[in-house]
Structure formats: C-alpha cells, structure tokens
Amino acid sequence: MRSPLRLSQLLVGQLNAADVLPEQWTEVVEQARSAQVLGILYSRLRERGEFQLIDVSVQKHLFSSWRIFEKYRRDAQWEVEHLCAALEKEEVVPVLLKGAAYVVEEESFALGRTFSDIDLLVPKCDIERVEELLKWHGWQGTHHNDYDQRYYREWMHEIPPVVHVKRQTVLDIHHTILPLTARYMPCAEELFSSARQGNGGYRLLSRYDQVLHAATHLFTDSEYNHAYRDLVDIDGLLRLLVEVEDWNELFNRAQLHDLLEPVYFAIYHAQAEFLTPVPKGVIERFSAALSIGGMRRRWLHRLFTKVIVPPHPSALESGYALAERLLFVRGHYLRMPKRLLFQHLFYKAFLAKDEA
C-alpha cells in the first residue's frame, strides 16, 4: 500500500496546514479540486483553526469552493423540500441517498461536499406513480429509445434519470441499491423498514445501511472518477460508528444484505488512506467471512489503491490506466450475467451508434 496523500493527511488532521510548504499547496489545491473535496478541505481547516495559517492566495481558492458549496446546499434543500411536498400528495415518503442526504442533513463530514444530482429511493411498487406525479411538476424522462428503457426498467435498480425542464436539476429514482441482475442481492424491503426519519419530509437509510450503500457504490462500480470523494464519505460515515455494538451491527447488516465484500474493502481502504479508527479485529472478522481467496483479495487491493485517488495527473501512479480498465470490466461483470453483459456491450459498441 502506498503512503496516504498529503491531501488525505490534511483532510483528517494528520498533517497541520502550517507544515505544508507554499509550493506544495498548488498540488494540494489542484488535487482537491479535481476530486471535488476542496470545499470539504476548507471546512475542516477552518474547524481546526488552521485556515488562517495558510497563504492568502491559497485561502481564496478554498473559500471560493466553499461559496460554491453553499449554493449547492441551498439549491438542494429547496429542491428536496418541494419534491417531498409533491410526493406527500401521493403519500410517498422518499429515502434520500448519498451526497444530497449528507448535505441536506448537514452531516459534519460532508460540509463543503458538492454533487451533481439528487438520489431518491422509493418502493418499486410506487415507481410509476412517482414518475407520473413528477411529470406534472416539470420533470421529464431521459433515455427514450426502446433499448435504454428496457435496460433501466428490467435490469437496473433505477428508472432513467429525470430532468427538470426549467432548472435542469437531475433526479435519480432508485428502488434498490444494486441492479436486479447483479451478483449481490441486497434486500430492498429491509432497507426501507430500517430507514430513519430525516429533518424534513424524507427519510434516510440507517447509519449502517448508509455505509453499505456507499461501500457498494464504490467497490462494485465500473467508473472511478469520483472514487476518492466517495472514500472521503465512507471515512466520515465510519467515524460515526463509535461503539463496538455499532461495528457488530454493521457486520450483521452487511451479512444480511450479501455485501460483506464491498464493506470489507471500504473499511480496509478508508483506514489505509485516512487512518479511520477501526476497532481491533473488525477487518479480520470481515476478511474471515469472505468467499474470495487471498490472492484475488491482494490483487483487488492493488487495483483499488491505484484508482482511489484524485483524478489529477500529480496523483496518478504507473498502472492507473490498466487498473481502471480492469475494474471497469469487473464492475460490469458484477452487475450482469455473462450473456446479458455481452449483449449489452455489443449493443453499446455497434448498434447504439447507428441509432444516434
């Protein structure tokens, strides 16, 4: 495993801002901006009283990113409030997911975090009603060709994204957290039954299921351009588990949802990169419960270490491109059986171009 990045050390307080040389700040800022964590870095330096210790020229970059975050937060809070008011008419209380959930709930670890869309989880039986209701409030569907409609509605864990005609806000509506064709099979009903009330007219996944979702999103994915930011989220979520009982429950939930493997990798890499405090024996307990062998595990660790970095040239090591390609194939392999995967890739490579 490589040593944690200077940016990582600053984010978790392992390195004091006063100890970063002026010429090193350019790399830190560029990496943080590429990973969309510059606002988070500002928030944490300010919280620790270190913001005033850095050069004014660097402060401007950090503060500018914070102002952008404040707009994201205001817009997200307004959007979620109006979405929930609209869905309430149909007695649907959505579960808010990922970045929007962290920011709207004002989780301390997500202060400064930005995101591109709003993710909701609603029961599959309510999908059609929700989709129809949103049309009346200015939301239009995307991916209109027959293949893409079938791809989303029969195989995926969500319907095609919907976009507001005026505000251009993107909304992803999920009914579970992994594709229906995936090798892992989390229990959607259990996700809903364990959800907790948020601060508005929405619910949130339980603390444990939030870790499961973040881990699954990162460690079964096929694209890693937001991987570093996602690991920052995982580190923040894991730091909320303060009691031994919390870690026991996380293991039980991961076992229940058939998600031991991604949660194991999440804990391992969060601790390696951010020194996430993990009780003794937790990683070993997850490791012992896995069905994959030690050689494959070490191989995956090396690949993840290569790609879970800010997508900036200064952070990319030799072998990054190969690791990214291999994990791209793995991500698709985990999401679809071979026959369906070959069919899908053939369509995207040849037939989709003809329809464009």
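**Cavities**

I began with the enclosed space: the second largest cavity has a volume of about 40 Å³. This is a predicted model, so I read everything below with that in mind. My search of the whole structure turned up two cavities of 30 Å³ or more. For the second largest one I listed the lining: Glu131, Lys135, Trp139, Gln140, Gly141 and Val162. Helix 6 (127–135) and strand 3 (139–141) each put in at least two of those residues. Strand 3 contributes the most, with three. By class I get an even split: two nonpolar, two polar and two charged.

**Pockets**

Next I went to the open sites. The largest pocket comes out at about 1,200 Å³. Its lining runs to 50 residues, and Glu158, His217, Asp221, Glu223 and Arg335 lie nearest the centre. I sorted the lining by class and got 19 nonpolar, 17 polar and 14 charged residues.

Which element gives the most to the lining of the largest pocket? I found helix 9 there, with six residues. Among the other elements that supply at least two residues each are strand 1 (95–97), helix 5 (98–104), helix 7 (146–155) and strand 5 (170–174). Helix 10, helix 15 (320–335) and helix 16 (338–355) also belong on that list.

The second largest pocket holds about 290 Å³ of space. I count 14 lining residues for this pocket, with Tyr72, Asp75, Ala76, Ser116 and Thr169 nearest its centre. Helix 4 (residues 56–88) has the largest share of that lining, six residues. The classes here are six nonpolar, three polar and five charged.

**Aromatic pairs**

I then ran through the rings and got 14 aromatic pairs. Tyr224 and Phe304 have ring centres 6.4 Å apart and planes at 45°, so I logged the pair as tilted. Tyr224 sits in the loop between helix 9 (207–219) and helix 10 (227–238), while Phe304 is in helix 14 (residues 294–307); the pair links distant parts of the chain, 80 residues apart. Buried or exposed, these two, Tyr224 and Phe304? Both Tyr224 and Phe304 are buried.

Phe304 turned up again with Phe265. I get 5.2 Å centre to centre and 65° between the planes for this pair, which makes Phe265 and Phe304 edge-to-face. Phe265 lies in helix 12 (residues 260–274) and Phe304 in helix 14, so the pair ties together parts that are 39 residues apart in sequence. Phe265 is buried, as is Phe304.

Stepping back, I saw that ring pairs link Phe219, Tyr224, Tyr264, Phe265, Tyr268 and Phe304 into a cluster.

**Charges over rings**

Tyr264, a member of that cluster, also has a charge above it: Arg297 lies over its face, at 5.8 Å from the ring centre. I noted another case elsewhere, where Arg46 lies over the face of Trp66 at 4.7 Å from the ring centre.

**Single residues**

Ile283 caught my eye while I was looking around Tyr264. Ile283 and Tyr264 are 19 residues apart in sequence, but their C-alpha atoms are 6.7 Å apart in space. Ile283 belongs to helix 13 (residues 282–289). Its relative accessibility is 14%, and the cut-off for buried is under 20%, so I wrote Ile283 down as buried.

I looked up Asp235 for its polar side chain. Asp235 is placed in helix 10. With a relative accessible area of 2%, Asp235 is buried. What does the side chain of Asp235 contact? I found a polar contact of 2.6 Å to the side chain of Thr276.

**Backbone check**

Last, I looked at positive phi values in residues other than glycine. Gln36 has phi near 60° and is one of these. Gln36 is in the loop between helix 2 (22–34) and helix 3 (38–47). At 32% relative accessibility, I put Gln36 down as partly exposed.

Lys98 is another entry, with phi near 50°. Lys98 is placed in helix 5. Its relative accessible area is 21%, so Lys98 counts as partly exposed.

Technical notes
Residues are numbered from 1 along each chain as its sequence is written. This is a predicted model: local features need pLDDT of at least 70, side-chain atom pairs count only at pLDDT 80 or more; totals for chains, interfaces and linings use all residues. Side-chain values use heavy atoms; hydrogens and water are left out. Rings of Phe, Tyr and Trp (its six-membered ring) pair if their centres lie within 6.5 Å; planes under 30 degrees apart count as stacked, over 60 as edge-to-face and the rest as tilted. Helices (H or I, at least four residues) and strands (E, at least two) are DSSP runs, numbered from the N terminus. Buried means under 20% relative accessible area, exposed over 50%, partly exposed in between (1.4 Å probe, protein chains only). A charge sits over a ring if NZ of Lys or CZ of Arg is within 6 Å of the ring centre and within 35 degrees of the ring normal. On a 1 Å grid over the protein atoms alone, a cavity is a set of points where a 1.4 Å probe fits but cannot get out, and a pocket is an open set with protein on both sides within 12 Å along at least five of seven lines; lining residues have an atom within 4 Å of a point. Grid points are joined across faces, edges and corners, and a volume is the space filled by probe spheres set on the points. Ala, Val, Leu, Ile, Met, Phe, Trp, Tyr, Cys and Pro count as nonpolar, Asp, Glu, Lys and Arg as charged, and the others, Gly among them, as polar. A polar contact is a pair of N or O atoms within 3.5 Å; within protein, one must be able to donate a hydrogen and the other to accept it, and residues adjacent in sequence count only if both atoms are side-chain atoms.
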